[in-house]
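This briefing is meant for a reader who is meeting the structure for the first time. Please keep the sequence and the 3D view at hand while reading the points that follow.

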Amino acid sequence: MRPFRHPCLWGAVLGLGLAASAFADPELRQEAREIQRSQAELQARIDATDDEGRAMLEELRELEREERRLSRENAELAPRHERQVADLERREHALDTLEETREALPALQERLIERLAQWVESDMPFLREERQARVASLTTHAGELSLAERWERIIGAWRTELEYGREVDTWRGYLGEGDSRREVDYLRLGRVGFYYLTPDGRAGRVWQADAGSWASLDEAQRREVRNGLRIARDRRSPELLTLPISQPLESAGEGDA
């Protein structure tokens, strides 16, 4: 009678026998250990590669976020940069023309002084000596002043003349020359009306620019001038005055233009 052998059991026994025989061989054991070590090193390299890949992926995402932030900042800064470029171009243009402007300024100053002198000469004759002296001072010792200092004095003189057209003023002064010289009270309403009354109020006149002379005022008009003198002296609010004007309003406003 033949003994029973199960195929699987026999294979397992055979495998165990082969493994036992293999582990019994030193060379095979050494080779098995090297294979295991190689597998461990390979797995370590795979794990390291995975870690490096994750780090590189995170770095890439950070770079993308930084790029989006820089794009937003560039979009916000672009208009400001354009304004700065335009401003720089204007400054460069001003520097290019600065020398020409410097050369033209003295001639412009002389023209302004000449026009101011003509204006004072042709204007109503109020405070004429004072105004003429102011204009003359613009050319006195002009060489001792810097360009900016002389320019400031010219602009100041023009500003004073322009202010005369916006003021109500009164003062006591003299009229005439020699034996006919007498003291009077002057009233000036901007550059529209220029009047005077004698201290006793019995005589008064209005300056007529067209004729270049004084014209008499009647009693009603002299009362209006006295009222105007009180307004100017007391610095009261202006009231309606019925008076003849010295020159048309269009001519009075020419200097303010």
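Arginine 182 has a relative accessible area of 34%, and because the partly exposed class runs between 20% and 50%, this residue counts as partly exposed. The model is a predicted one, and the points below move from arginine 182 to the overall make-up of the protein, and then to a helix pair, a group of rings and two further residues.

**Arginine 182 and its surroundings**

- Arginine 182 is placed in strand 2, the strand that covers residues 182-189.
- Leaving aside residues up to four places away in sequence, arginine 182 touches Gly173, Tyr174, Leu175, Tyr196 and Thr198.
- One of these partners, threonine 198, is 16 residues from arginine 182 along the chain, and the C-alpha atoms of the two are separated by 8.4 Å.

**Overall make-up**

- The secondary structure of the protein comes to six helices and five strands, and when it is read along the sequence the pattern is α-α-α-α-β-β-β-β-β-α-α.
- The protein has 257 residues, of which buried residues make up 22%.
- Among the contacts in the protein with a separation of 6 or more, 45% are accounted for by residues 24 or more positions apart.

**Helix 3 against helix 4**

- Helix 3, made of residues 128-137, packs with helix 4, made of residues 147-164, at an angle of about 160°, and the axes of the two helices are 10 Å apart.
- Because angles over 145 degrees count as roughly antiparallel, that angle makes helix 3 roughly antiparallel to helix 4.
- The crossing in which helix 3 passes helix 4 is left-handed.
- On the side of helix 3 the contact is made by Glu130, Arg131, Arg134 and Ser137, while helix 4 contributes Arg153, Ala157, Thr160, Glu161 and Tyr164.
- Sorted by character, the residues of this contact between helix 3 and helix 4 divide into five charged, two polar and two nonpolar.
- Glutamate 161, which has its place in helix 4, has a relative accessible area of 1% and is therefore buried.
- Not counting residues up to four places away in sequence, glutamate 161 touches Arg131 and Arg134, and also Leu116, Trp119, Val120 and Arg191.

**Aromatic rings**

- Ten aromatic pairs are found when the whole structure is searched.
- In one of them, the ring centres of tyrosine 186 and phenylalanine 194 are 5.5 Å apart and the ring planes meet at 15°, so this pair is stacked.
- Both partners of that stacked pair count as buried, since tyrosine 186 has a relative accessibility of 6% and phenylalanine 194 has one of 1%.
- Tyrosine 196 and tryptophan 214 form an edge-to-face pair, with 4.9 Å from centre to centre and 80° between the planes.
- Because tyrosine 196 lies in strand 3 (residues 193-197) and tryptophan 214 in strand 5 (residues 213-216), their pair ties together parts that are 18 residues apart in sequence.
- Tyrosine 196 counts as buried, its relative accessibility being 2%.
- Ring pairs link Phe126, Tyr164, Trp171, Tyr186, Phe194, Tyr196, Trp207 and Trp214 into a cluster.

**Leucine 229**

- Leucine 229 lies in helix 5, which covers residues 219-234, and at 4% relative accessibility this leucine counts as buried.
- Apart from residues up to four places away in sequence, leucine 229 touches Thr170, Asp185, Tyr186, Leu187 and Leu197.
- Although leucine 229 and aspartate 185 are 44 residues apart in sequence, their C-alpha atoms are 8.2 Å apart in space.

**Leucine 127**

- Leucine 127 lies in the loop between helix 2, which covers residues 26-122, and helix 3.
- The phi of leucine 127 is positive, at about 45°, although this residue is not a glycine.
- As background for that value, most residues other than glycine have a negative phi.
- With a relative accessibility of 22%, leucine 127 counts as partly exposed.

Key. Residues are numbered from 1 along each chain as its sequence is written. This is a predicted model: local features need pLDDT of at least 70, side-chain atom pairs count only at pLDDT 80 or more; totals for chains, interfaces and linings use all residues. Side-chain values use heavy atoms; hydrogens and water are left out. Axes are lines fitted to C-alpha atoms, for helices over the stretch in contact, and angles run from 0 to 180 degrees between N-to-C directions. Helices (H or I, at least four residues) and strands (E, at least two) are DSSP runs, numbered from the N terminus. Angles under 35 degrees count as roughly parallel, over 145 as roughly antiparallel, 65 to 115 as roughly perpendicular and the rest as oblique. A crossing is left-handed if the near helix is turned anticlockwise from the far one by less than a right angle, and right-handed if clockwise. Contact means heavy atoms within 4.5 Å. Ala, Val, Leu, Ile, Met, Phe, Trp, Tyr, Cys and Pro count as nonpolar, Asp, Glu, Lys and Arg as charged, and the others, Gly among them, as polar. Rings of Phe, Tyr and Trp (its six-membered ring) pair if their centres lie within 6.5 Å; planes under 30 degrees apart count as stacked, over 60 as edge-to-face and the rest as tilted. Buried means under 20% relative accessible area, exposed over 50%, partly exposed in between (1.4 Å probe, protein chains only).
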